[in-house]
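Colleague: I'd like a close look at a single part of this model, side chain by side chain. Please pick one helix and tell me what it touches, and then how the rest of the chain looks around it.

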Amino acid sequence: MKVGIVGLPNVGKSTLFNCLSQSKAQSENYPFCTIDPNVSIVNVPDTRLDKLSSLISPEKLIPTNVKIVDIAGLVKGASKGEGLGNKFLSNIRETDAIIHVLRCFDDPNIIHVDGKINPLSDKEVVEYELILKDLEIVDKRLDKIKKTLRSGSSESKKEIEVLENIRLQLENISINKNDYSDDQFEDFIKPLELISFKPILYVCNVGENDVISGNDYVDQVKKEIGNKDSEIIIISAKIESEINELDSFEEKKIFLDDLGLDDSGSNKLIRASYKLLNLHSYFTAGVKEVRGWTIKIGDSAYDAAGQIHTDFQKGFICAEVISYADYIEYGSEVKVKEAGKMRLEGKEYIVSDGDIMHFRFNI
């Protein structure tokens, strides 16, 4: 699963990416500093793993992760080839969700591609170009499918109806995913990889003095987003960059305490990205390793088994399940079993976030 960081040039995308991944993507003060997308596998911070590790003392501790992609800055006219145009738009189509970084700070030393700071205008430029690209994709598909309609295909008629409805919504900037059934989405919409159907997290990049309470720019964004199906978080890329230069956990904690922050913005952003992808974790726990596994919210024990190995699915017998809260309360698997808190669950069991699981299987 892959999350793409997008926005206008010079809004702080690459700086945030460097802090998230501790890599060294270019982040200079000029447009199109990033040309090819930078990609990093980022561990998802989870204190539950640390607590399990302190109880078990495993040989290995392996967290879950998410793939973060820093995509080149977008400009007005990208859908027509301006800036990096289609290169940018094809990169973002390949992601599963979008982090949209908005510049919400004043700094005369950092160039703004339009010469003024206006996060709402920036947001509109990016989203308008994404919509234009989606319209282009829908139109191409409509042209192609209408040719097959002459053969009397009932599936073609269904697809045309869905695509024409999408086209109307795109023109009115009012995409509503709930207007489409699961079958319509899987059969006709998902294959097109339309950007407008991807979940979005808005990141307001502020100065260090505004990281706790925000500012007028942030207030404008919150008012604009309103009750839309999107989330907003506030981060200072400048602060995150400074944290990234510190070596030890203790130094970072002192730095955060001085600023009145309980956690770094990078950690919050990674966790929010994980949630944005509709993912959560279950754990396997033993002396060899304590490990987090990534599954979709709503996945079954059978699905979870397949994340470890296909043999676990093929020969699935049952899953031994302990809730995270019970494991922490009793302190060990043995004591949990003695208390009668371990459950045997079948294939259809819906995994809860933080479940500790052991699969019985036979091939």
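Modeller: I'll take one helix first, then move on to the rings and the chain as a whole.

Some ground rules before we zoom in. This is a predicted model, so local features need pLDDT of at least 70 and side-chain atom pairs count only at pLDDT 80 or more, while totals for chains, interfaces and linings use all residues. Numbering starts from 1 along each chain as its sequence is written, and side-chain values use heavy atoms, with hydrogens and water left out.

The part I've picked is helix H5, residues 154-171. By helix I mean a DSSP run of H or I with at least four residues, and by strand a run of E with at least two, both numbered from the N terminus.

Look at the charged side chains. Lys158 and Glu155 make a salt bridge, with their closest N and O atoms 3.5 Å apart. The term covers a side-chain nitrogen of Lys or Arg within 4 Å of a carboxyl oxygen of Asp or Glu. Both residues belong to H5 and are 3 residues apart, about one turn of the helix. Each of them is partly exposed: Lys158 has a relative accessibility of 45%, and Glu155 has 39%. For that label, buried is under 20% relative accessible area, exposed is over 50% and partly exposed is in between, using a 1.4 Å probe and protein chains only.

H5 also reaches out to another helix through charge. Glu164 pairs with Lys146 in a salt bridge of 3.7 Å, N to O. Lys146 comes from helix H4 (residues 119-149) and Glu164 from H5, so this pair ties together parts 18 residues apart in sequence. Lys146 is partly exposed at 39%, and Glu164 is partly exposed at 39% too. In general, side chains of opposite charge can pair when their charged atoms come close.

Next, the packing. H5 sits against helix H6 (residues 182-189), with the axes 10 Å apart and at an angle of about 95°. Those axes are lines fitted to C-alpha atoms, for helices over the stretch in contact, and the angles run from 0 to 180 degrees between N-to-C directions. The two helices are therefore roughly perpendicular; under 35 degrees would count as roughly parallel, over 145 as roughly antiparallel, 65 to 115 as roughly perpendicular and the rest as oblique. On the H5 side of the meeting you'll find Glu155, Lys158, Glu159, Val162, Leu163 and Ile166, and on the H6 side Gln184, Phe188 and Ile189. Contact here means heavy atoms within 4.5 Å. Glu155 and Lys158 turn up again here, having already appeared as salt-bridge partners.

One more residue of H5 deserves a click: Gln169. Is its side chain buried or exposed? Gln169 is buried, at 7% relative accessible area. Leaving out residues up to four places away in sequence, Gln169 touches Ser174, Ile175, Asn176, Asp179 and Tyr180.

Now step back from the helix. The chain has 14 helices and 12 strands, and 45% of its 363 residues are buried. Of the contacts between residues at least 6 apart in sequence, 69% join residues at least 24 apart. The whole structure holds 24 salt bridges; one network of them links Asp46, Arg48 and Asp353.

For a change from the helix, try the rings. There are 8 aromatic pairs, meaning Phe, Tyr or Trp rings (the six-membered ring for Trp) with centres within 6.5 Å; planes under 30 degrees apart count as stacked, over 60 as edge-to-face and the rest as tilted. Ring pairs join Tyr282, Trp293, Tyr302, Phe312, Phe316, Phe359 and Phe361 into a cluster. Arg291 places its charged end over the Trp293 ring, 4.0 Å from the centre; that calls for NZ of Lys or CZ of Arg within 6 Å of the ring centre and within 35 degrees of the ring normal. Arg291 also forms a salt bridge with Glu289, the closest N and O atoms being 3.9 Å apart. Arg291 is partly exposed at 26%, and so is Glu289 at 22%.
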